[in-house]
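Here's a quick, friendly tour for anyone opening this model for the first time. Have a look at the picture, then read on.

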Amino acid sequence: MAETTTSPGVALLFADADLGAHLREALVALGARIVYEGAAAQVQPEALAKSGADVVVVNLEPAEDEHFDRLHALLEQGSQRVVFNDAEASRNLSGWDKARWARHLAVKLIGSGDVDPPRPSDARRVETARIHEEAPSQPAVQPDAIHPVPTAATPKATPAPDPAVLEQESADSELLSAELEALLVDDDNSSTESAEAAEHAPAEPDVHVEQRQTIPAPAPVFDWSLDDVDIESSAPAEKENASREDPGQFGIEKMQAADFLKPEDGDDDMAFESGLKLELVSLEESVSPTMVDKTVSEMVPDAGPTSIRRVVLVGAGQDAALELAEFLAGLSGTLPALVLIAQHQKNQHADALAAALDTSTRLPVRVASDGAAVHHGEAWLVPAGHHCRVERDGRMSLTSVDAGGQADPSINQCMDTLSGIFGADMTAIVLAGDGDDGLTGARTVAEHGGQVWILDPAGGGSDTAMPARIHEEGLAVFSGSPTELARRLVEECA
(Lines give C-alpha, C1' and ligand atoms only; values in the text may rest on other atoms or scores of the structure.)
Protein backbone atom coordinates (compact mmCIF):
# COMPACT_ATOMS: atom_id res chain seq x y z
CA MET A 1 0.00 0.00 0.00
CA ALA A 2 1.50 3.38 -1.01
CA GLU A 3 2.37 5.76 1.80
CA THR A 4 0.62 9.17 1.62
CA THR A 5 2.36 12.35 2.75
CA THR A 6 0.25 15.22 4.02
CA SER A 7 1.47 18.60 2.83
CA PRO A 8 2.30 20.97 5.74
CA GLY A 9 -0.03 23.80 6.65
CA VAL A 10 1.58 27.23 6.62
CA ALA A 11 0.36 30.46 8.30
CA LEU A 12 1.69 33.69 6.74
CA LEU A 13 1.76 36.73 9.05
CA PHE A 14 2.74 39.32 6.43
CA ALA A 15 1.63 42.96 6.49
CA ASP A 16 3.46 43.48 3.15
CA ALA A 17 1.09 42.03 0.55
CA ASP A 18 3.77 41.91 -2.19
CA LEU A 19 6.25 39.85 -0.14
CA GLY A 20 3.46 37.58 1.08
CA ALA A 21 2.28 36.97 -2.50
CA HIS A 22 5.79 35.90 -3.67
CA LEU A 23 6.20 33.48 -0.77
CA ARG A 24 2.64 32.15 -1.20
CA GLU A 25 3.29 31.29 -4.89
CA ALA A 26 6.54 29.48 -4.01
CA LEU A 27 4.83 27.47 -1.25
CA VAL A 28 1.87 26.48 -3.41
CA ALA A 29 4.26 25.40 -6.21
CA LEU A 30 5.97 23.03 -3.75
CA GLY A 31 2.66 21.57 -2.54
CA ALA A 32 2.19 23.43 0.76
CA ARG A 33 -1.22 24.46 2.13
CA ILE A 34 -1.80 28.10 3.10
CA VAL A 35 -4.17 27.82 6.07
CA TYR A 36 -3.99 31.34 7.51
CA GLU A 37 -2.96 34.82 6.30
CA GLY A 38 -2.94 38.22 7.95
CA ALA A 39 -0.82 40.97 9.52
CA ALA A 40 1.19 40.15 12.65
CA ALA A 41 -0.30 43.12 14.50
CA GLN A 42 -3.88 41.98 13.81
CA VAL A 43 -3.55 38.22 14.26
CA GLN A 44 -6.59 36.48 15.74
CA PRO A 45 -5.55 33.81 18.27
CA GLU A 46 -8.66 31.67 17.86
CA ALA A 47 -8.50 31.63 14.07
CA LEU A 48 -4.77 30.84 14.10
CA ALA A 49 -5.27 27.98 16.57
CA LYS A 50 -8.15 26.48 14.55
CA SER A 51 -6.27 26.75 11.23
CA GLY A 52 -4.07 23.73 12.06
CA ALA A 53 -0.90 25.47 10.90
CA ASP A 54 2.29 23.41 11.22
CA VAL A 55 4.59 26.36 10.45
CA VAL A 56 4.04 30.07 11.21
CA VAL A 57 6.07 32.60 9.16
CA VAL A 58 6.33 36.04 10.81
CA ASN A 59 7.49 38.98 8.70
CA LEU A 60 9.39 41.29 11.08
CA GLU A 61 8.23 44.83 10.26
CA PRO A 62 9.78 47.80 12.17
CA ALA A 63 6.31 49.31 12.63
CA GLU A 64 5.08 46.15 14.42
CA ASP A 65 7.80 45.99 17.12
CA GLU A 66 5.39 47.08 19.83
CA HIS A 67 3.08 44.12 19.04
CA PHE A 68 5.88 41.55 19.09
CA ASP A 69 5.58 40.77 22.82
CA ARG A 70 1.89 39.91 22.43
CA LEU A 71 2.62 37.83 19.32
CA HIS A 72 5.50 36.05 21.08
CA ALA A 73 3.24 35.11 24.00
CA LEU A 74 0.61 33.84 21.57
CA LEU A 75 3.05 31.65 19.60
CA GLU A 76 4.55 30.17 22.77
CA GLN A 77 1.17 28.63 23.59
CA GLY A 78 1.05 26.59 20.37
CA SER A 79 3.15 23.74 19.00
CA GLN A 80 3.80 25.27 15.61
CA ARG A 81 7.28 25.81 14.23
CA VAL A 82 7.95 29.57 13.97
CA VAL A 83 10.16 31.11 11.26
CA PHE A 84 11.00 34.83 11.19
CA ASN A 85 11.77 36.81 8.03
CA ASP A 86 13.62 40.16 7.81
CA ALA A 87 11.18 42.43 5.96
CA GLU A 88 13.70 45.20 5.18
CA ALA A 89 16.25 42.83 3.60
CA SER A 90 13.61 40.96 1.56
CA ARG A 91 11.87 44.12 0.37
CA ASN A 92 15.07 45.43 -1.27
CA LEU A 93 15.32 42.33 -3.52
CA SER A 94 13.97 42.27 -7.06
CA GLY A 95 13.74 39.98 -10.07
CA TRP A 96 15.64 36.70 -9.87
CA ASP A 97 16.96 37.52 -6.36
CA LYS A 98 13.41 37.88 -4.98
CA ALA A 99 12.35 34.63 -6.67
CA ARG A 100 15.37 32.80 -5.17
CA TRP A 101 14.54 34.25 -1.72
CA ALA A 102 10.95 32.99 -1.94
CA ARG A 103 12.02 29.51 -3.14
CA HIS A 104 14.78 29.20 -0.49
CA LEU A 105 12.37 30.12 2.31
CA ALA A 106 9.66 27.81 0.93
CA VAL A 107 12.07 24.85 0.79
CA LYS A 108 13.19 25.64 4.34
CA LEU A 109 9.57 25.60 5.56
CA ILE A 110 8.61 22.37 3.76
CA GLY A 111 11.92 20.55 4.23
CA SER A 112 12.37 19.36 0.63
CA GLY A 113 12.40 20.65 -2.92
CA ASP A 114 14.64 22.48 -5.38
CA VAL A 115 15.97 25.79 -4.04
CA ASP A 116 16.26 27.29 -7.54
CA PRO A 117 13.00 28.68 -8.95
CA PRO A 118 11.89 27.50 -12.42
CA ARG A 119 13.28 29.49 -15.31
CA PRO A 120 10.83 31.39 -17.59
CA SER A 121 9.65 29.47 -20.64
CA ASP A 122 10.86 32.20 -23.01
CA ALA A 123 14.39 32.35 -21.54
CA ARG A 124 17.21 32.04 -24.17
CA ARG A 125 19.25 28.84 -23.86
CA VAL A 126 22.98 29.54 -23.61
CA GLU A 127 25.20 26.96 -25.35
CA THR A 128 28.93 26.72 -24.74
CA ALA A 129 31.16 26.37 -27.83
CA ARG A 130 34.40 24.35 -27.57
CA ILE A 131 37.51 26.11 -28.89
CA HIS A 132 40.02 24.02 -30.92
CA GLU A 133 43.64 25.04 -31.51
CA GLU A 134 44.38 25.39 -35.21
CA ALA A 135 47.55 25.90 -37.18
CA PRO A 136 48.68 29.56 -37.49
CA SER A 137 48.56 29.38 -41.27
CA GLN A 138 44.85 28.49 -41.28
CA PRO A 139 42.38 31.42 -41.31
CA ALA A 140 40.12 32.01 -38.31
CA VAL A 141 36.71 30.42 -38.71
CA GLN A 142 33.84 32.90 -38.33
CA PRO A 143 30.82 31.92 -36.21
CA ASP A 144 28.57 32.09 -39.26
CA ALA A 145 30.78 29.51 -41.03
CA ILE A 146 30.42 26.86 -38.29
CA HIS A 147 28.31 23.93 -39.48
CA PRO A 148 26.91 21.20 -37.25
CA VAL A 149 29.14 18.12 -37.03
CA PRO A 150 27.38 14.95 -38.19
CA THR A 151 26.82 12.50 -35.37
CA ALA A 152 26.03 8.79 -35.30
CA ALA A 153 22.34 9.61 -35.31
CA THR A 154 22.68 11.55 -38.60
CA PRO A 155 25.42 9.86 -40.74
CA LYS A 156 26.79 11.75 -43.71
CA ALA A 157 27.33 9.89 -46.97
CA THR A 158 30.88 10.05 -48.44
CA PRO A 159 30.96 10.48 -52.28
CA ALA A 160 33.25 8.25 -54.41
CA PRO A 161 36.57 9.95 -55.44
CA ASP A 162 36.87 11.25 -59.02
CA PRO A 163 39.87 9.69 -60.95
CA ALA A 164 40.60 12.99 -62.74
CA VAL A 165 40.76 14.82 -59.41
CA LEU A 166 43.14 12.21 -57.96
CA GLU A 167 45.47 12.52 -60.97
CA GLN A 168 45.53 16.32 -60.69
CA GLU A 169 46.34 16.15 -56.94
CA SER A 170 49.25 13.76 -57.63
CA ALA A 171 50.71 16.13 -60.23
CA ASP A 172 50.45 19.10 -57.85
CA SER A 173 52.20 17.10 -55.14
CA GLU A 174 55.18 16.28 -57.44
CA LEU A 175 55.49 19.92 -58.51
CA LEU A 176 55.51 21.07 -54.87
CA SER A 177 58.26 18.60 -53.98
CA ALA A 178 60.45 19.90 -56.84
CA GLU A 179 60.02 23.50 -55.76
CA LEU A 180 60.95 22.66 -52.13
CA GLU A 181 64.15 20.86 -53.26
CA ALA A 182 65.24 23.84 -55.39
CA LEU A 183 64.60 26.20 -52.50
CA LEU A 184 66.80 24.15 -50.15
CA VAL A 185 69.68 24.25 -52.67
CA ASP A 186 69.44 28.06 -52.90
CA ASP A 187 69.60 28.35 -49.11
CA ASP A 188 72.80 26.29 -48.93
CA ASN A 189 74.48 28.44 -51.64
CA SER A 190 73.54 31.68 -49.92
CA SER A 191 74.93 30.50 -46.56
CA THR A 192 78.25 29.55 -48.23
CA GLU A 193 78.54 32.94 -49.92
CA SER A 194 77.93 34.71 -46.62
CA ALA A 195 80.71 32.78 -44.91
CA GLU A 196 83.19 33.62 -47.71
CA ALA A 197 82.27 37.34 -47.56
CA ALA A 198 82.89 37.39 -43.85
CA GLU A 199 86.39 35.94 -44.31
CA HIS A 200 87.48 38.58 -46.91
CA ALA A 201 85.96 41.55 -45.00
CA PRO A 202 88.53 44.18 -43.72
CA ALA A 203 89.41 44.06 -40.05
CA GLU A 204 87.85 46.72 -37.80
CA PRO A 205 90.27 49.34 -36.40
CA ASP A 206 91.39 49.03 -32.76
CA VAL A 207 89.85 52.02 -30.93
CA HIS A 208 91.58 53.12 -27.66
CA VAL A 209 89.24 54.77 -25.10
CA GLU A 210 90.97 57.16 -22.75
CA GLN A 211 90.03 56.78 -19.08
CA ARG A 212 88.74 60.03 -17.57
CA GLN A 213 88.90 61.08 -13.95
CA THR A 214 85.89 62.66 -12.21
CA ILE A 215 86.79 65.56 -9.90
CA PRO A 216 84.13 66.55 -7.30
CA ALA A 217 83.01 70.21 -7.28
CA PRO A 218 83.95 72.28 -4.21
CA ALA A 219 81.28 73.00 -1.61
CA PRO A 220 79.62 76.45 -1.88
CA VAL A 221 80.83 79.16 0.49
CA PHE A 222 78.14 81.28 2.22
CA ASP A 223 78.79 84.79 3.46
CA TRP A 224 76.48 84.57 6.50
CA SER A 225 76.43 82.68 9.78
CA LEU A 226 74.28 82.12 12.85
CA ASP A 227 76.66 83.91 15.23
CA ASP A 228 75.45 86.90 17.29
CA VAL A 229 76.48 90.30 15.95
CA ASP A 230 78.09 92.75 18.34
CA ILE A 231 76.69 96.20 17.60
CA GLU A 232 79.54 97.98 19.39
CA SER A 233 82.15 96.31 17.14
CA SER A 234 80.21 96.82 13.93
CA ALA A 235 80.62 99.72 11.51
CA PRO A 236 79.35 103.21 12.53
CA ALA A 237 76.65 103.08 9.83
CA GLU A 238 75.35 99.78 11.08
CA LYS A 239 75.42 101.05 14.68
CA GLU A 240 73.37 104.10 13.71
CA ASN A 241 70.75 101.97 11.97
CA ALA A 242 70.55 99.60 14.92
CA SER A 243 69.74 102.40 17.40
CA ARG A 244 66.04 102.80 18.26
CA GLU A 245 64.11 105.88 17.22
CA ASP A 246 62.32 108.02 19.79
CA PRO A 247 58.65 106.78 20.00
CA GLY A 248 57.48 110.30 20.91
CA GLN A 249 57.98 111.58 17.38
CA PHE A 250 55.36 109.10 16.21
CA GLY A 251 52.71 110.21 18.76
CA ILE A 252 53.25 107.21 21.04
CA GLU A 253 52.92 107.90 24.76
CA LYS A 254 53.54 105.39 27.52
CA MET A 255 51.30 105.49 30.57
CA GLN A 256 50.18 103.24 33.42
CA ALA A 257 46.88 101.34 33.38
CA ALA A 258 45.62 103.25 36.42
CA ASP A 259 46.26 106.62 34.67
CA PHE A 260 44.52 105.38 31.54
CA LEU A 261 41.39 104.31 33.45
CA LYS A 262 41.22 107.42 35.62
CA PRO A 263 38.11 109.57 34.97
CA GLU A 264 38.67 112.70 32.86
CA ASP A 265 36.64 115.09 35.04
CA GLY A 266 39.80 116.63 36.48
CA ASP A 267 39.26 115.38 40.05
CA ASP A 268 42.75 114.27 41.03
CA ASP A 269 41.68 113.50 44.61
CA MET A 270 39.51 110.57 43.55
CA ALA A 271 41.15 107.34 44.62
CA PHE A 272 41.23 104.59 42.02
CA GLU A 273 41.95 100.99 42.75
CA SER A 274 42.20 98.32 40.09
CA GLY A 275 39.72 95.47 40.47
CA LEU A 276 42.06 92.86 39.05
CA LYS A 277 44.68 91.32 41.29
CA LEU A 278 47.19 88.60 40.63
CA GLU A 279 47.96 86.36 43.57
CA LEU A 280 49.69 83.01 43.76
CA VAL A 281 47.91 80.41 45.89
CA SER A 282 48.41 76.69 46.42
CA LEU A 283 46.60 74.10 44.28
CA GLU A 284 44.70 72.73 47.28
CA GLU A 285 43.37 76.17 48.15
CA SER A 286 42.37 76.97 44.57
CA VAL A 287 40.20 73.88 44.16
CA SER A 288 38.76 73.76 47.68
CA PRO A 289 35.02 74.58 47.95
CA THR A 290 34.05 78.03 49.14
CA MET A 291 31.26 78.37 51.68
CA VAL A 292 28.89 81.21 50.82
CA ASP A 293 26.67 82.48 53.61
CA LYS A 294 23.75 83.74 51.54
CA THR A 295 20.03 83.10 51.59
CA VAL A 296 18.91 81.33 48.41
CA SER A 297 15.25 81.41 47.38
CA GLU A 298 13.83 78.83 44.98
CA MET A 299 10.70 79.29 42.85
CA VAL A 300 8.69 76.18 41.97
CA PRO A 301 6.16 76.60 39.13
CA ASP A 302 2.61 75.46 39.63
CA ALA A 303 1.99 71.86 38.72
CA GLY A 304 0.39 71.80 35.27
CA PRO A 305 -1.45 69.04 33.43
CA THR A 306 0.18 65.63 33.37
CA SER A 307 1.28 64.10 30.11
CA ILE A 308 -1.01 61.28 28.93
CA ARG A 309 0.97 58.39 27.50
CA ARG A 310 -1.90 55.94 26.89
CA VAL A 311 -5.68 56.26 26.56
CA VAL A 312 -8.36 53.53 26.73
CA LEU A 313 -11.81 54.20 25.24
CA VAL A 314 -14.58 51.85 26.46
CA GLY A 315 -17.71 51.80 24.27
CA ALA A 316 -20.92 50.15 25.47
CA GLY A 317 -24.63 50.10 24.73
CA GLN A 318 -27.38 51.36 27.00
CA ASP A 319 -28.12 47.91 28.46
CA ALA A 320 -24.46 46.95 29.07
CA ALA A 321 -24.30 48.28 32.65
CA LEU A 322 -23.37 44.87 34.11
CA GLU A 323 -20.58 44.23 31.59
CA LEU A 324 -19.22 47.76 32.09
CA ALA A 325 -19.24 47.45 35.88
CA GLU A 326 -17.56 44.03 35.72
CA PHE A 327 -14.82 45.42 33.44
CA LEU A 328 -14.12 48.46 35.66
CA ALA A 329 -14.01 46.23 38.77
CA GLY A 330 -11.03 44.35 37.32
CA LEU A 331 -8.86 47.50 36.92
CA SER A 332 -6.31 48.61 39.51
CA GLY A 333 -6.36 52.04 41.09
CA THR A 334 -2.83 52.78 39.80
CA LEU A 335 -3.51 51.96 36.15
CA PRO A 336 -0.94 53.92 34.03
CA ALA A 337 -3.54 54.94 31.48
CA LEU A 338 -6.53 57.27 31.12
CA VAL A 339 -9.94 55.56 30.76
CA LEU A 340 -12.78 57.27 28.84
CA ILE A 341 -16.29 55.74 28.90
CA ALA A 342 -18.67 56.33 25.97
CA GLN A 343 -21.94 54.57 26.93
CA HIS A 344 -25.25 55.15 25.22
CA GLN A 345 -27.39 56.98 27.81
CA LYS A 346 -30.55 58.33 26.17
CA ASN A 347 -32.76 59.21 29.16
CA GLN A 348 -30.19 58.34 31.85
CA HIS A 349 -28.52 61.10 33.85
CA ALA A 350 -24.72 61.24 33.53
CA ASP A 351 -24.11 62.11 37.21
CA ALA A 352 -26.20 59.18 38.46
CA LEU A 353 -24.53 56.79 36.04
CA ALA A 354 -21.04 57.96 37.07
CA ALA A 355 -21.91 57.56 40.76
CA ALA A 356 -23.13 54.00 40.18
CA LEU A 357 -19.97 53.07 38.27
CA ASP A 358 -17.74 54.70 40.90
CA THR A 359 -18.93 52.20 43.52
CA SER A 360 -17.86 49.20 41.40
CA THR A 361 -14.22 50.14 40.72
CA ARG A 362 -11.09 51.41 42.43
CA LEU A 363 -10.71 54.11 39.79
CA PRO A 364 -12.39 57.46 40.46
CA VAL A 365 -15.23 57.88 37.93
CA ARG A 366 -16.18 61.48 37.03
CA VAL A 367 -18.32 63.17 34.40
CA ALA A 368 -16.24 64.80 31.65
CA SER A 369 -16.19 68.60 31.67
CA ASP A 370 -14.67 71.27 29.47
CA GLY A 371 -11.20 72.43 30.59
CA ALA A 372 -10.68 69.62 33.13
CA ALA A 373 -7.12 68.34 33.77
CA VAL A 374 -7.03 64.55 33.48
CA HIS A 375 -4.42 62.07 34.73
CA HIS A 376 -3.56 58.41 34.55
CA GLY A 377 -5.54 56.17 36.87
CA GLU A 378 -8.83 58.03 36.29
CA ALA A 379 -12.07 57.17 34.48
CA TRP A 380 -14.21 59.89 32.82
CA LEU A 381 -17.78 59.42 31.53
CA VAL A 382 -18.73 61.29 28.36
CA PRO A 383 -22.18 62.87 28.93
CA ALA A 384 -24.96 62.57 26.37
CA GLY A 385 -25.22 65.34 23.78
CA HIS A 386 -21.48 66.10 23.96
CA HIS A 387 -18.24 65.17 22.24
CA CYS A 388 -15.04 64.72 24.28
CA ARG A 389 -11.46 65.45 23.19
CA VAL A 390 -8.27 64.85 25.22
CA GLU A 391 -4.83 66.22 24.34
CA ARG A 392 -1.54 64.54 25.21
CA ASP A 393 -0.78 67.28 27.75
CA GLY A 394 -3.81 66.16 29.80
CA ARG A 395 -6.27 68.91 28.84
CA MET A 396 -9.87 67.90 28.16
CA SER A 397 -12.30 69.82 25.97
CA LEU A 398 -16.05 69.17 25.76
CA THR A 399 -18.33 70.42 22.98
CA SER A 400 -22.10 70.12 22.57
CA VAL A 401 -23.34 68.14 19.56
CA ASP A 402 -26.72 67.21 18.15
CA ALA A 403 -27.03 63.42 18.05
CA GLY A 404 -29.72 63.66 15.38
CA GLY A 405 -31.28 60.32 16.28
CA GLN A 406 -27.93 58.51 16.32
CA ALA A 407 -26.18 56.87 19.26
CA ASP A 408 -25.58 59.36 22.07
CA PRO A 409 -22.74 59.82 22.78
CA SER A 410 -21.23 58.57 19.51
CA ILE A 411 -18.55 55.86 19.99
CA ASN A 412 -17.43 56.29 16.36
CA GLN A 413 -16.84 60.02 16.83
CA CYS A 414 -14.83 59.49 20.04
CA MET A 415 -12.66 56.82 18.35
CA ASP A 416 -11.97 59.01 15.31
CA THR A 417 -10.85 61.97 17.43
CA LEU A 418 -8.68 60.09 19.94
CA SER A 419 -6.97 57.82 17.36
CA GLY A 420 -5.77 60.87 15.44
CA ILE A 421 -4.08 62.17 18.63
CA PHE A 422 -2.74 59.03 20.32
CA GLY A 423 -2.25 56.65 17.35
CA ALA A 424 -0.62 53.41 18.52
CA ASP A 425 -1.00 54.50 22.18
CA MET A 426 -4.78 53.96 22.05
CA THR A 427 -6.82 50.87 22.89
CA ALA A 428 -10.53 50.75 21.99
CA ILE A 429 -12.68 48.20 23.89
CA VAL A 430 -16.25 47.58 22.66
CA LEU A 431 -18.58 45.80 25.09
CA ALA A 432 -22.17 44.63 24.59
CA GLY A 433 -24.62 46.78 22.71
CA ASP A 434 -27.08 46.94 19.82
CA GLY A 435 -26.44 48.55 16.43
CA ASP A 436 -23.19 49.16 14.58
CA ASP A 437 -21.85 52.17 16.51
CA GLY A 438 -18.06 51.74 16.82
CA LEU A 439 -17.54 49.85 13.53
CA THR A 440 -16.19 52.76 11.47
CA GLY A 441 -14.30 54.07 14.48
CA ALA A 442 -12.59 50.67 14.90
CA ARG A 443 -11.34 50.92 11.31
CA THR A 444 -9.82 54.33 12.05
CA VAL A 445 -8.14 53.06 15.23
CA ALA A 446 -6.58 50.13 13.34
CA GLU A 447 -5.39 52.42 10.53
CA HIS A 448 -3.56 54.64 13.07
CA GLY A 449 -1.82 51.64 14.67
CA GLY A 450 -4.07 51.29 17.73
CA GLN A 451 -5.63 48.09 19.09
CA VAL A 452 -9.31 47.06 19.07
CA TRP A 453 -10.62 44.62 21.71
CA ILE A 454 -14.17 43.32 21.89
CA LEU A 455 -16.45 41.36 24.19
CA ASP A 456 -16.52 37.74 23.04
CA PRO A 457 -19.71 37.47 20.90
CA ALA A 458 -19.95 33.77 21.74
CA GLY A 459 -19.97 34.40 25.47
CA GLY A 460 -23.72 35.01 25.65
CA GLY A 461 -25.27 37.58 27.95
CA SER A 462 -26.54 40.93 26.63
CA ASP A 463 -26.91 41.89 23.01
CA THR A 464 -23.53 41.54 21.27
CA ALA A 465 -24.42 43.05 17.90
CA MET A 466 -21.76 45.80 18.12
CA PRO A 467 -18.74 43.53 18.90
CA ALA A 468 -20.03 40.88 16.46
CA ARG A 469 -19.89 43.33 13.53
CA ILE A 470 -16.34 44.35 14.46
CA HIS A 471 -15.37 40.67 14.71
CA GLU A 472 -16.81 39.98 11.24
CA GLU A 473 -14.64 42.78 9.79
CA GLY A 474 -11.53 41.18 11.29
CA LEU A 475 -10.57 44.36 13.17
CA ALA A 476 -10.35 42.91 16.70
CA VAL A 477 -6.99 41.62 17.94
CA PHE A 478 -8.34 40.26 21.26
CA SER A 479 -11.72 39.14 22.61
CA GLY A 480 -12.88 37.79 25.94
CA SER A 481 -15.14 38.30 28.91
CA PRO A 482 -15.18 41.65 30.78
CA THR A 483 -12.88 40.19 33.44
CA GLU A 484 -10.46 38.83 30.82
CA LEU A 485 -10.43 42.18 29.03
CA ALA A 486 -9.59 43.99 32.29
CA ARG A 487 -6.86 41.49 33.18
CA ARG A 488 -5.27 41.83 29.71
CA LEU A 489 -5.28 45.64 30.00
CA VAL A 490 -3.58 45.57 33.40
CA GLU A 491 -0.90 43.19 32.09
CA GLU A 492 -0.11 45.31 29.01
CA CYS A 493 0.04 48.55 31.02
CA ALA A 494 2.32 47.04 33.68
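## Getting started

Before we get to the sheets, one term helps: two strands pair if DSSP finds at least two bridges between them. With that in mind, one open sheet here has seven strands in the order 7-8-6-5-11-12-13, with parallel pairing.

Keep in mind that this is a predicted model. The protein chain has 494 residues, and 30% of them count as buried. Along it you'll find 15 helices and 13 strands. If you take the contacts with a separation of 6 or more, 72% come from residues 24 or more positions apart.

## The seven-stranded sheet

Let's stay with that sheet of seven strands. At its edges sit strand 7 (365-367) and strand 13 (478-480), and each of them pairs on one side only. From one strand to the next, the twist averages 20°.

Zoom in on one edge: strand 13 pairs with strand 12 (residues 451-455) in the parallel sense, over three bridges. Leu455 has Gly480 of strand 13 as its bridge partner. Helix 14 (residues 465-472) packs on the sheet too, touching strand 5, strand 11 and strand 12, and its direction makes about 135° with that of strand 12. Then there's helix 10 (residues 321-329), which lies across strand 5 (311-316), strand 6 (338-343), strand 11 (426-430) and strand 12. Helix 10 runs at about 175° to strand 6.

## The four-stranded sheet

There's also an open sheet of four strands, ordered 2-1-3-4, again with parallel pairing. Strand 2 (33-38) and strand 4 (81-86) each have a single partner strand, so one side of each has no neighbour in the sheet. The twist averages 20° from one strand to the next.

Strand 1 (residues 9-13) and strand 2 run parallel and are joined by five bridges; Leu12, for instance, has Glu37 of strand 2 as its bridge partner. Helix 3 (residues 68-76) packs on this sheet, touching strand 1, strand 3 (55-60) and strand 4, with its direction at about 170° to that of strand 3. Helix 5 touches strand 1, strand 3 and strand 4 as well, and its direction makes about 165° with that of strand 4.

## Where two helices meet

How do the axes of helix 1 and helix 5 cross? Those of helix 1 (residues 17-29) and helix 5 (residues 96-110) come within 8 Å and cross at roughly 55°, so the two helices are oblique to each other. The crossing is right-handed.

Among the residues making the contact are Leu19 and Leu23 of helix 1, and Trp101 and Leu105 of helix 5. By class, this contact has 11 nonpolar, one polar and three charged residues.

How values were computed. Residues numbered from 1 in each chain as written. Predicted model: local features only at pLDDT ≥ 70, side-chain atom pairs only at ≥ 80, totals over all residues. Heavy atoms only, no water. Axes fitted to C-alpha atoms, helices over the stretch in contact; angles between N-to-C directions. Parallel < 35°, antiparallel > 145°, perpendicular 65-115°, else oblique. Left-handed = near helix turned anticlockwise from the far one by under 90°. Contact = heavy atoms within 4.5 Å. Nonpolar A, V, L, I, M, F, W, Y, C, P; charged D, E, K, R; others polar. Buried < 20%, exposed > 50% of the residue type's maximum accessible area, 1.4 Å probe, protein only.
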